Amino acid sequence: MSLLTAALAASGRQPAPPGSFEGAPPQYTRFSAAEIMRGFLALSFGSDLRIGATPRGIRRFDHPIRAAVITGGSVDRAAAMQRVLDEYAQKVPNLHLSIAESAANADVEVRLIDEKDFTAALKAAFGAKITRTFVRRTNPQCMTSVKSSADGAILRAVSFIIVDKGGDVFLDCAYHELLHAFGLSNHDQRNPWTTLNQRRMVGYLTVYDRGLLTLLYDRKSSPA
Ligand SMILES: [Zn+2]
């Protein structure tokens with residue numbers, strides 16, 4: 001139960017999250033142990049599209065994470081993406097997240113692209129067959145690929161973020177895809193608090209998701 005206590009301490013007594021309305025109700029900023037556990041179990045196990053072996057337990061990086069932003073697309077969102085990464089680094093210290101000097105040294109690669117190039121970028125990265133299957137199954141707007149070993153250690157993650165469909169789409173994608181990249185692989189359309197509910201459009205790091213990541217990267221929890 002010490003894990004839950006840590007997560008609740010991290011998520012309690014927070015001001016209303018940035019981007020939410022003023023005086024956001026308690027369900028946006030405070031959660032019971034059962035509410036946190038529900039999201040943790042639903043979002044850190046399994047994923048919508050799995051290729052290869054199924055890890056036995058949770059997936060996460062087992063070392064400090066270095067992220068690199070690969071700029072591209074017709075709208076310059078490099079600085080905005082950098083701010084999103086900075087927020088994750090600051091608000092979830094357990095990630096030990098820093099910026100890599102180059103993509104070659106990065107554990108998480110964030111590629112900024114235009115929507116029209118999305119399918120081509122997926123094909124270049126994963127091949128036509130996997131892209132076709134993925135697009136058919138999930139009809140994605142943005143996407144993240146996570147490679148992990150059988151014991152659940154994430155080896156590398158690549159996120160594709162659309163930059164030319166407006167600021168709201170960009171921010172929703174940026175926060176959502178990084179959650180996948182860090183190991184919250186799944187979605188839950190019935191969870192009202194997480195950015196990984198695809199019916200929601202969020203655009204900030206929610207207190208709830210911050211609590212889940214803090215729990216996932218607590219050194220006392222075991223990957224398998
Ligand atoms: Zn997703």
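Which spacing do the donors of the zinc ion follow along the chain? In this predicted model, local features were required to have a pLDDT of at least 70 and side-chain atom pairs a pLDDT of 80 or more, whereas totals for chains, interfaces and linings use all residues. Residues are numbered from 1 along each chain as its sequence is written, and side-chain values use heavy atoms, with hydrogens and water left out.

The donors (N, O and S atoms within 2.8 Å of the metal, or 3.2 Å for Na, K and Ca; water is not among the atoms, so sites may look incomplete) follow the spacing H-x3-H-x6-H. Coordination of the zinc ion is through NE2 of His176, His180 and His187, at 2.0 to 2.1 Å. Histidine 176 lies in helix H6 and histidine 187, eleven residues apart from it, in the loop between H6 and helix H7 (207-216); helices (H or I, at least four residues) and strands (E, at least two) are DSSP runs numbered from the N terminus. Histidine 176 counts as buried because its relative accessibility is 8%, the term denoting under 20% relative accessible area, with exposed over 50% and partly exposed in between (1.4 Å probe, protein chains only). Histidine 187, at 17%, likewise counts as buried.

Helix H6 (residues 167-181) lies across S3, S4 and S5, running at about 170° to S5, where angles run from 0 to 180 degrees between N-to-C directions and axes are lines fitted to C-alpha atoms, for helices over the stretch in contact (heavy atoms within 4.5 Å). The five strands form an open sheet of mixed pairing in the order S2-S1-S3-S5-S4, pairing requiring at least two DSSP bridges between two strands.
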